[in-house]
Amino acid sequence: MGVTIHDVARAAGVSVASASRALSGRRKVTPEIAERVARAAAELGYQPNAVAKALRDQTTGTIGMVVPGIGNPFFTTIVEAVERELQNSGTDLLLCASQYSPQVEARRLETLLARRVDGLIISPCDIEASVPAVLDAARRVPLVQLDRYIEGGGADWVGVDDEAGLALAVDHVIAGGARSVVFAGSRLVSSSARLRLSGFERAAARAGVEVLPPLLGEFTLEWGIEAGRGLLDAGRLPDAVVCANDEIAVGLVRSLRFGGARVPEDVAVVGFDDVGHATMCDPPLSTVRQPVEEMAAEAVRLLGQLKAGDPRPAQRIAIAPRLVVRQTSRPVAAGVEG
Ligand code: RIB
C-alpha cells in the first residue's frame with residue numbers, strides 16, 4: 001500500500017484530521033501546520049486517493065468568481081472566458097461584483113463560501129485592503145487570483161504582464177515620433193493600476209523623453225473625458241498619451257477631438273485591454289491586447305491543481321500582451337518597432 005495520510009500526519013507531527021484539512025485546503029489550519037504537512041507529503045511522495053477524496057468531499061460543482069465591477073467590459077469579457085473554460089468540466093460559475101469596495105468584496109467571498117463553492121477565482125479590488133479576506137478565503141478553499149492580485153503573495157495569480165504591455169505602448173508612440181508623453185490611469189489602489197504606471201515610467205525613462213505628471217483617476221470613460229479636458233485646459237498637449245485601459249483612452253480621444261485636437265496628428269493615444277469600446281472608438285483605437293482567453297484557461301488550470309490537493313508554493317504567471325496598431329497612433333516605418 002502506498003503512502004497514506006496517516007503516514008503524512010505522523011511525519012508532520014499532527015493529527016490525521018489536521019493533515020486532512022491541510023491537504024484538502026477546505027478548512028482553516030495554521031500556516032505552520034500547512035507548511036509541515038505540505039513538506040511531509042512532498043518528502044513522502046504522498047498521492048491523495050482520488051476516489052476516497054471525491055467520496056469524502058461533497059462537492060457542489062460550482063466555482064465562485066468575484067470581480068470589481070461588471071459594468072467594465074474587461075471584466076465581463078474575462079468572466080465569459082472563465083465560464084467557457086469551466087463548462088468544459090461541467091462546472092457552474094457563481095458571479096459576484098465587489099463594486100470596487102474591499103468591504104463588499106469580503107461579504108461576497110463569505111456568501112460564496114457559505115454556498116460551499118468548490119473554489120474561488122477573484123480579481124481583488126484593492127492591493128492592500130483586500131489582503132485579509134482573500135488570504136482567509138484561500139485557507140478555506142482553492143483560490144486563484146486572476147488579473148489583479150493582493151500584495152505579499154499567498155495565493156496563485158495569473159494575469160497580463162502589465163509592465164511589458166506599457167513598454168510596448170511607450171515604445172510604439174516613440175517610434176512614431178513622440179518626444180513628450182503622459183500617462184492617464186487609475187488611482188493606485190490596484191495591482192494593475194500600480195504596475196501600469198511603473199511600466200510606463202520605466203519605459204519612458206529608458207527612452208529619455210519628456211514625461212508630464214501622470215493623470216490618475218478611475219478606469220472609466222468619464223475619467224478619460226476629464227483627463228482630456230485637463231490636457232486641453234493646460235494649453236499644451238503632449239505628443240502622446242498612454243492610457244491604462246481602453247475606457248480611459250476612448251473618453252480621452254472623444255474629449256480631445258471635441259476640443260479641436262487632431263488624433264493622432266496633434267496627439268497620439270494608446271489604450272490597454274482591446275475589449276468593448278476599443279472597437280467603437282473614432283478613429284479606431286491603437287491598444288495593447290490582453291490575452292484574456294489564455295489567462296482564463298490558466299486560472300482554471302491552476303484551480304484544478306489546487307482542488308486536486310497538490311501541495312506546492314503559490315504560482316505567479318504573467319502572460320505577454322500584444323500591441324494592436326490602429327489609427328489613434330502615428331504610423332511607424334516598417335521594421336522600426338522591435
Ligand atoms: O479596465 C479595467 C482594468 O482593470 C483592466 O485593464 C483590467 O486589467 C483590470 O485590472
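Helices here are DSSP runs of H or I with at least four residues, strands are runs of E with at least two, and both are numbered from the N terminus. With that in hand, Gln103 is easy to place: helix H6 (residues 102–114) holds it. This is a predicted model, in which local features need pLDDT of at least 70 and side-chain atom pairs count only at pLDDT 80 or more, while totals for chains, interfaces and linings use all residues. Residues are numbered from 1 along each chain as its sequence is written, and side-chain values use heavy atoms, with hydrogens and water left out.

Let's stay with Gln103 for a moment. Exposed means over 50% relative accessible area, buried under 20%, and partly exposed in between (1.4 Å probe, protein chains only). Gln103 has 53% relative accessibility, so it counts as exposed. Its C-alpha atom is 9.0 Å from that of Ala133, which sits 30 residues away along the chain.

Now step back to the whole chain. It has 12 helices and 13 strands, and its C-alpha trace spans about 75 × 35 × 35 Å along the principal axes. Of the 338 residues, 53% count as buried.

For a good look at the covered part, go to strand S6 (residues 180–186), where 7 of 7 residues are buried. Which strands does S6 pair with? Two strands pair if DSSP finds at least two bridges between them. S6 runs parallel to strand S7 (residues 210–211), with 2 bridges joining them, and Val181 has Val211 as its bridge partner in S7. Between these two strands the chain passes through helix H9 (residues 191–207), making a right-handed β-α-β crossover. Right-handed here means that, with the strands pointing away from the viewer, the path from the first strand over the helix to the second runs clockwise.

S6 also pairs in the parallel sense with strand S8 (residues 215–217), over 3 bridges, and with strand S9 (residues 240–243), over 4 bridges. Ala184 takes part in both pairings: it stands opposite Leu215 in S8, and its bridge partner in S9 is Cys243.

On to the empty spaces. On a 1 Å grid over the protein atoms alone, a cavity is a set of points where a 1.4 Å probe fits but cannot get out; a pocket is an open set with protein on both sides within 12 Å along at least five of seven lines, and lining residues have an atom within 4 Å of a point. Grid points are joined across faces, edges and corners, and a volume is the space filled by probe spheres set on the points.

The count comes to 1 cavity of 30 Å³ or more, and the largest cavity holds about 90 Å³. Its lining includes Asn72, Asp147, Arg196 and Gln290. Helix H5 (73–87) and H9 are the elements that give two or more residues to this lining. Domain 2 (62–160 + 292–320) and domain 3 (162–289) each supply at least three of its residues, with bounds taken from an automatic or database domain assignment.

What about the largest pocket? Its space is about 870 Å³, and among its 30 lining residues, Ala34, Ala138, Gly154, Leu306 and Arg312 lie nearest the centre. H3 (31–44) is one of the helices that supply at least two lining residues, and H3 gives the largest share, 6 residues. Domain 1 (5–48) and domain 2 both contribute to the lining, so the pocket lies between them.
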